[in-house]
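Trainee: I'm new to this structure and would love a close look at one part of it. Could you walk me through one of the sheets and what packs around it?

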Amino acid sequence: MDNIDIKTDLLNKISNKTAVVGVIGLGYVGLPLAVEKARAGYKVIGFDIQEQKVRMVNNGVNYIGDVVQADLKKLVESGRLKATGDYSFVADVDCIAICVPTPLDEYSQPDISYVVNSAKEMAKYLHRGMLVVLESTTYPGTTEEVLMPILESTGLKCGTDFYLAFSPERVDPGNKIYKTKNTPKVVGGVTPDCTEVAAALYNNVLDNEVFRASSPRVAEMEKILENTFRNVNIALANELAIICDKMGIDVWEVIEAAKTKPYGFMPFYPGPGVGGHCIAVDPFYLTWKAREYGYHTKLIETAGEINNYMPEFVLERAMKILNRFGKPLNGSEILVLGAAYKQDIDDVRESPALKVMDLLVRHGAVLKYNDPYVPKFTYKGRSYESVPLTAEALEAADLVIITTMHGCYDYEFIEKHSRFIFDTKNAMKNIKNRAKIETL
Ligand code: SAJ
């Protein structure tokens with residue numbers, strides 16, 4: 001079959017839903033994507049190296065907040081969705097998405113080993129007429145400089161024998177409005193045919209028209225821009241908080257006032273730091289790649305320094321509050337509310353709350369924490385366990401520090417039973433009696 005026939009054949013399979021679709025990585029990006037592709041009518045095979053995830057999916061048991069349990073169960077029972085750790089099933093797949101983590105290593109360098117290892121495993125079963133889409137956020141150039149050579153090492157030619165594109169994931173964990181299905185998608189193929197085939201698949205799965213970028217590098221860079229935009233603006237809000245504290249100005253009121261501008265302003269808020277495996281991480285993929293071109297990304301790195309300083313700033317402010325009550329931090333009982341990196345989720349990756357708790361313990365605080373989403377965690381060699389949020393626990397604390405603004409917290413109850421509260425997220429903004437509350 002020549003390559004025109006290959007493309008036509010694949011487009012037909014995509015259009016009549018006979019294409020078998022694969023998703024590598026069944027995490028907060030991959031599982032929702034696998035479910036949406038199965039709901040769209042495709043037969044879906046999910047691949048994951050974690051046996052537990054494979055087992056849970058095949059038992060119809062959900063573990064991702066953004067996936068509806070009933071949907072997963074129905075799709076698995078109908079045979080439309082299954083999971084496996086056996087990459088040989090890639091031989092049966094027509095279109096496959098790679099949705100594996102792209103963290104930073106201990107030197108804050110990109111770690112694309114999950115992408116490389118998945119690609120190498122998958123390449124063993126790569127066959128003519130396949131579409132491969134990388135969704136993991138990464139530095140511009142990864143798709144063409146790293147992924148394509150691995151796939152072409154099979155002897156198959158990109159754009160002729162198989163199609164390759166980058167399409168950034170845009171999952172906002174816990175977002176009640178925007179989910180995988182209704183969030184606009186960008187795709188950038190190595191060749192126009194690659195873009196066409198990738199766009200055809202997503203147009204059959206998602207609600208919105210796909211934005212076609214002219215190359216994988218444009219698509220890779222736009223994702224980095226999205227997240228770096230947030231990181232830099234959060235750093236600005238954090239720097240404002242530091243300045244306002246010194247000047248005795250309420251930064252939260254300043255932001256509320258700025259929000260009245262109906263154009264040209266978008267609110268970001270200060271906090272104990274920037275967590276998560278995206279905003280805290282992705283900008284430094286660009287920083288690393290920019291060095292290859294002899295450019296130092298000063299703004300991005302300074303933003304990271306400001307955000308990374310915030311746990312220290314929280315510690316300083318806590319010490320000052322206790323000092324006002326004649327209490328040294330050393331030996332004071334502190335109850336921290338929230339370990340997750342943001343509200344209403346259970347993820348502690350890069351969570352600034354963990355950094356705050358570590359600093360408090362290292363300075364002698366008698367630390368307890370509560371997080372209904374995070375029953376326990378280990379950080380820097382110490383293990384922590386969530387305590388029940390009782391009146392006694394609140395009353396026993398010399399200081400309560402709010403680091404995550406979970407919607408399930410009863411802030412009236414917390415105000416009533418706490419001696420004093422340092423609210424780093426302005427979570428208690430609706431509490432009228434402010435006598436016992438200080439915000440960041
Ligand atoms: N944060 C602030 N101030 C703010 C906003 C956020 O301190 O004004 C903190 C949060 O508490 C959190 C961190 O920054 O610790 C990241 O927050 P986030 O709201 O960006 O949440 P993520 O990282 O889970 O998800 C983001 C997505 N969020 C939004 O667009 C709202 C989106 O950028 C990406 O789809 C996703 O990362 C990703 O996967 O790249």
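Mentor: Happy to! Keep in mind that this is a predicted model. Let's start with one pair of neighbours: strand 7 (residues 186–189) and strand 8 run parallel and are joined by three bridges. To find the pairing by eye, look for Val186, which stands opposite Phe211 in strand 8. As background, strands of a sheet pair through backbone hydrogen bonds, either parallel or antiparallel.

Next to that pair, find helix 8 (residues 216–247), which packs on the sheet and touches strand 6, strand 7 and strand 8. The direction of helix 8 makes about 145 degrees with that of strand 7. Helix 7 (residues 192–205) also lies across strand 7 and strand 8, and its contacts continue to strand 1 (20–24), strand 4 (95–98), strand 5 (130–134) and strand 6 (162–166). Helix 7 runs at about 150 degrees to strand 7.

Now step back to the whole sheet. Eight strands make up this open sheet, and their order is 3-2-1-4-5-6-7-8. The pairing is mixed. Strand 3 (81–84) and strand 8 (211–213) each have a single partner strand, so these two stand at the edges with one side left without a neighbour in the sheet. From one strand to the next, the twist averages 25 degrees.

For context, have a look at another sheet, an open one of five strands in the order 10-9-13-14-15, where the pairing is parallel. Its edges are strand 10 (366–370) and strand 15 (437–439); each has a single partner strand, so one side of each lacks a neighbour in the sheet. Here the twist averages 20 degrees from one strand to the next. Within this sheet, strand 9 (residues 333–337) pairs with strand 13 (residues 399–402) in the parallel sense, over four bridges. One residue pair to look for there is Val336 with its bridge partner in strand 13, Ile401. Helix 11 (residues 298–324) packs on this sheet, where it touches strand 9, strand 13, strand 14 (421–423) and strand 15. Its direction makes about 155 degrees with that of strand 13.

So, if you go back to where we began, follow strand 7 across its three bridges to strand 8, and you arrive at one edge of the eight-stranded sheet.

Terms used
Residues are numbered from 1 along each chain as its sequence is written. This is a predicted model: local features need pLDDT of at least 70, side-chain atom pairs count only at pLDDT 80 or more; totals for chains, interfaces and linings use all residues. Side-chain values use heavy atoms; hydrogens and water are left out. Two strands pair if DSSP finds at least two bridges between them. Axes are lines fitted to C-alpha atoms, for helices over the stretch in contact, and angles run from 0 to 180 degrees between N-to-C directions. Contact means heavy atoms within 4.5 Å.
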